Amino acid sequence: MAEAQVTQAEKQGSLARSSLVMVGGSFASRALGVVRAGLLTAIIGTLAAGDAFNLANTLPNVFYILAAGGILNAVLIPALTRAMKLADGGQEFTDRVVTVALVAMGVITVLVVLGAGAFVSLLSGDRGSDFERLALAFSFICLPQIFFYGAFALFGQILNAKHRFGAFAWAPFVANIVAVAGLLVFIAVFPAPQVVNAQGQPLPRPPDQWTGPMIWLFAGSATVSVIAQAVWLLPALHRTGFRYRPRWGLRGVGLGGVSRLAVWAFIGLAVAQLGFFITQWVLNTAAARSGRPADDPLRATSVYTVAFTIFMLPHAFIAVSIITALFPRLSKSAADDDVATLKGDFRRGMILPLVANVPVMVFVMVAATPIVALLNPGIDGPSIELAAIVLVVMILGIVPFGVDLLCYRVFFALEDGRSPLVMQAVLTTISLTAGLITLALEPKWAIAVVAIGQTVGNVASSTTGIILLRRRLGLLGLGQIVDSTARIGVAAAAAGLLAWGTMTVLSPILGDPTAPSSVVDRLFTSGVVLTFTGTLFVIVYLALAHTFQVREVRDVAEIVRRRIG
């Protein structure tokens with residue numbers, strides 16, 4: 001019995017260390033990513049040129065999140081976990097999978113680049129020839145990122161399967177260093193044009209003022225950062241003893257189950273990309289339908305991207321870090337047919353993110369406007385105000401968004417590709433429905449309806465995943481999760497009310513962050529408001545969590561204390 005307890009303690013400690021490595025790397029990269037995002041919006045804005053860049057640059061990111069982060073993660077870690085039991089430690093298996101994956105990603109990248117014209121024309125929503133030309137130019141430079149995103153995910157999952165999390169966790173930080181350097185060079189070489197609208201607010205360059213050197217430097221720095229991210233992993237792979245040798249052919253090495261899982265995952269990718277296309281087309285179509293002047297157009301995809309980027313920060317800090325570190329254990333439990341441990345790790349993967357994501361949800365609902373203004377001080381006031389509204393709608397779905405990811409990982413560990421496809425189909429169907437609804441409404445409502453569709457889709461998808469998982473594994477022991485969620489929710493809600501009261505008092509004194517002002521003034525105003533309200537919120541939340549005996553908060557605090565000490 002004592003030996004079993006020691007083993008369990010070692011497992012928990014290993015998960016804690018792995019999670020903290022992931023959290024540390026995620027925190028550093030996301031913090032620098034905030035700077036990168038602020039520079040991006042300050043340079044290109046949230047009007048037509050910003051929408052053109054987002055159209056071009058989002059597809060590689062979607063490919064990474066859904067294909068590289070999903071398909072390769074789904075296929076490779078469970079397969080490697082099983083292959084490592086073979087006599088050669090899975091070397092031949094890994095070589096064959098790497099060869100096939102690299103070739104497939106190369107072919108996909110070439111096909112996507114060749115189809116860039118059709119891709120831009122389809123999603124631009126008839127926003128004019130200047131918009132399409134700029135979006136196409138950005139696309140030719142950004143779309144090659146697909147291959148390097150895929151290589152990064154491929155190498156990273158090999159490292160994760162070997163329980164080496166450090167290099168993979170910190171690679172995005174390296175990418176952001178390169179990207180930020182490129183953007184700073186851009187600002188130095190191409191100063192912002194001194195153009196303002198009728199309200200005295202500065203306007204970004206319209207699409208027809210972007211020259212070839214500007215396009216190459218702006219988009220090229222983004223692509224070079226992705227290349228640097230993939231290259232960063234090669235020394236870490238070498239240190240594990242991994243030596244790649246190209247091997248062709250898939251027969252006779254146990255890839256049957258992997259191939260079937262990959263087919264289902266690719267179908268899921270196609271469905272997920274449909275949801276992305278719907279969002280891009282709906283928002284660009286709404287901007288074109290609005291008929292508003294060029295100096296005050298309908299805010300569309302760039303504002304949506306600003307809100308979604310902020311929405312992803314807490315998800316990446318907490319849920320992704322914990323679940324990524326947990327995934328090799330889920331895969332091992334599935335390979336060993338240890339259902340009890342698998343369900344225990346599933347519950348842990350649900351509870352730990354709640355400790356941070358629930359209070360984050362509440363605080364963002366209270367302070368969305370100063371948060372957007374602080375992280376994107378270079379954009380105009382109407383864009384800040386609209387992005388804050390969209391962010392509030394999105395943040396309501398942060399918990400089910402994390403549950404979605406966890407369910408995907410459990411199903412992939414079980415080599416079940418059909419269930420994630422069902423979940424994705426539910427989400428995409430709701431996104432499609434929301435998109436169709438926007439066609440019957442005034443264009444100004446499109447961005448809000450799309451955001452609502454995302455949140456409702458996440459709730460429906462995560463609910464579907466839990467139902468399917470319960471059918472597969474039996475009772476999941478969710479009573480403990482409900483109890484913890486209720487305690488965390490009450491503590492966060494009370495802290496949120498006090499934070500809202502504090503912000504109500506401070507806002508008239510410090511001023512409106514959406515009003516026309518300098519970047520420095522906006523940073524100061526938003527920073528002071530968030531410092532006071534955030535500090536109060538954290539203190540009250542932790543005090544109430546302690547009073548309500550939220551054990552998970554103490555667990556997380558103890559993990560951090562031991563790691564720091």
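Helix axes that cross at angles over 145 degrees count as roughly antiparallel. Keep that cut-off in mind for the views below, which come from a predicted model.

**View 1. Helices H12 and H18 run roughly antiparallel to each other.** Two packed helices are described by the angle between their axes and the distance between the axes. Here the axes of H12 and H18 come within 9 Å and cross at roughly 160°. That angle is over the 145-degree cut-off, so the two helices count as roughly antiparallel. As for handedness, H12 passes H18 in a right-handed crossing.

**View 2. Here's where H12 and H18 touch.** On the H12 side, look for residues including Val355, Pro359, Val362, Phe363 and Ile371. They belong to a patch that meets H18 residues, among them Leu523, Val529, Leu530, Phe537 and Tyr541. Sorted by class, this contact has 14 nonpolar, four polar and one charged residues. Arg522 in H18 is part of the contact too, and so are Ser526, Gly527, Thr533 and Gly534 from that helix.

**View 3. Phe363 and Phe537 form a tilted aromatic pair.** Zoom in on the two rings: they sit 5.3 Å centre to centre, with 50° between the planes. This pair links distant parts of the chain, since Phe363 lies in helix H12 (residues 339–375) and Phe537 in helix H18 (residues 519–547), 174 residues apart. Both Phe363 and Phe537 are buried.

**View 4. Phe308 and Phe311 pair up within a single helix, H11.** The structure holds 14 aromatic pairs, and Phe308 with Phe311 is a tilted one, at 5.8 Å centre to centre and 35° between the planes. Both residues lie in helix H11 (residues 301–335), three residues apart, which is about one turn of the helix. Are the two partners buried or partly exposed? Phe308 is partly exposed because its relative accessible area is 25%, whereas Phe311 is buried because its value is 0%.

**View 5. Six aromatic residues gather in one cluster.** Look for Phe53, Phe138, Phe186, Phe190, Trp210 and Phe218, which together form this aromatic cluster.

**View 6. Zooming back out, the protein chain has 19 helices and zero strands.** Of its 565 residues, 54% count as buried. What share of the contacts with a separation of 6 or more comes from residues 24 or more positions apart? In this protein chain, they account for 86%.

Technical notes:
Residues numbered from 1 in each chain as written. Predicted model: local features only at pLDDT ≥ 70, side-chain atom pairs only at ≥ 80, totals over all residues. Heavy atoms only, no water. Phe/Tyr/Trp six-rings, centres within 6.5 Å; stacked < 30°, edge-to-face > 60°. Helix = DSSP H or I, 4+ residues; strand = E, 2+ residues; numbered from the N terminus. Buried < 20%, exposed > 50% of the residue type's maximum accessible area, 1.4 Å probe, protein only. Axes fitted to C-alpha atoms, helices over the stretch in contact; angles between N-to-C directions. Parallel < 35°, antiparallel > 145°, perpendicular 65-115°, else oblique. Left-handed = near helix turned anticlockwise from the far one by under 90°. Contact = heavy atoms within 4.5 Å. Nonpolar A, V, L, I, M, F, W, Y, C, P; charged D, E, K, R; others polar.
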